[in-house]
Amino acid sequence: MSRNIGIVLVIIGAIMIIWTGITYTKKEKIVDAGPLQISVDRQKTMNWPPYLGIILLVGGIVIIATAKKSS
């Protein structure tokens, strides 16, 4: 079980190092006055620091290295 967690952490860490953020579109209402509704699509960005990916990657490697092999 811990080997699987380690592998997942390594994969997530590598992805976080390669892509330092994601951009998504959110629909926001600007005017909502009875039957009149105006909305706009706005792009939002979620960024994370690259060192967080490095920490997850190293942590995953340590978990894999210290995991007991099942018989």
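Where does leucine 9 lie? Select it in your viewer and you will find leucine 9 in helix H1. Before you go further, keep in mind that this is a predicted model.

**Stop 1: leucine 9 and its surroundings**

Show the side chain of leucine 9 with its surface. Leucine 9 is partly exposed, at a relative accessible area of 23%. Now bring up what leucine 9 touches: leaving out residues up to four places away in sequence, you should see Leu56, Leu57, Gly60 and Ile63. For a sense of scale, draw a distance from leucine 9 to valine 31. These two are 22 residues apart along the chain, and their C-alpha atoms are separated by 43 Å.

**Stop 2: the two helices**

Next, select residues 2–18 for helix H1 and residues 50–66 for helix H2. Two packed helices are described by the angle between their axes and the distance between the axes. Here the axes of H1 and H2 come within 7 Å and cross at roughly 155°. Because angles over 145 degrees count as roughly antiparallel, H1 is roughly antiparallel to H2. The crossing of this pair, H1 and H2, is left-handed.

To see the contact itself, colour each side separately:

- From H1, pick Ser2, Arg3, Gly6, Ile7, Leu9, Val10, Ile12, Gly13, Ala14, Met16 and Ile17.
- From H2, pick Pro50, Leu52, Gly53, Ile54, Leu56, Leu57, Gly60, Ile61, Ile63 and Ile64.

What is the division of the residues in the contact of H1 with H2 into nonpolar, polar and charged? Colour by residue type and you will get 15 nonpolar, five polar and one charged.

**Stop 3: the salt bridges**

Now move over to the strands. Side chains of opposite charge can pair when their charged atoms come close. How many salt bridges does the structure hold? There are three.

Start with glutamate 28 and arginine 42, where the closest N and O atoms of the salt bridge are 3.5 Å apart. This pair links distant parts of the chain: glutamate 28 sits in strand E1 (residues 21–33) and arginine 42 in strand E2 (residues 36–47), 14 residues apart. Turn on the surface here as well: glutamate 28 is partly exposed at 23% relative accessible area, and arginine 42 counts as partly exposed at 40%.

Keep glutamate 28 selected and add lysine 44. These two form a salt bridge too, with the closest N and O atoms 3.2 Å apart. Again distant parts of the chain are linked, with lysine 44 in strand E2 and glutamate 28 in strand E1, 16 residues apart. Lysine 44 is partly exposed, with a relative accessible area of 29%. Show the three residues together and you have a network of salt bridges linking Glu28, Arg42 and Lys44.

For another salt bridge, select aspartate 32 and lysine 29, whose side chains meet at 3.8 Å, N to O.

**Stop 4: lysine 29**

Stay with lysine 29, which lies in strand E1. Is lysine 29 buried or exposed? Lysine 29 counts as exposed, at 56% relative accessibility, because the cut-off for exposed is over 50%. Leaving aside neighbours within four places in sequence, lysine 29 is in contact with Gln37, Ile38 and Ser39. Now draw a distance from lysine 29 back to glycine 13: the two are 16 residues apart in sequence and 36 Å apart in space, C-alpha to C-alpha. Glycine 13 was one of the H1 residues you coloured in the helix contact.

**Stop 5: lysine 69**

Finish with lysine 69, in the segment after H2. Lysine 69 is exposed, with a relative accessible area of 72%. Add a last distance, from lysine 69 to isoleucine 30: they are 39 residues apart in sequence and 57 Å apart in space, C-alpha to C-alpha.

Terms used. Residues are numbered from 1 along each chain as its sequence is written. This is a predicted model: local features need pLDDT of at least 70, side-chain atom pairs count only at pLDDT 80 or more; totals for chains, interfaces and linings use all residues. Side-chain values use heavy atoms; hydrogens and water are left out. Axes are lines fitted to C-alpha atoms, for helices over the stretch in contact, and angles run from 0 to 180 degrees between N-to-C directions. Helices (H or I, at least four residues) and strands (E, at least two) are DSSP runs, numbered from the N terminus. Angles under 35 degrees count as roughly parallel, over 145 as roughly antiparallel, 65 to 115 as roughly perpendicular and the rest as oblique. A crossing is left-handed if the near helix is turned anticlockwise from the far one by less than a right angle, and right-handed if clockwise. Contact means heavy atoms within 4.5 Å. Ala, Val, Leu, Ile, Met, Phe, Trp, Tyr, Cys and Pro count as nonpolar, Asp, Glu, Lys and Arg as charged, and the others, Gly among them, as polar. A salt bridge is a side-chain nitrogen of Lys or Arg within 4 Å of a carboxyl oxygen of Asp or Glu. Buried means under 20% relative accessible area, exposed over 50%, partly exposed in between (1.4 Å probe, protein chains only).
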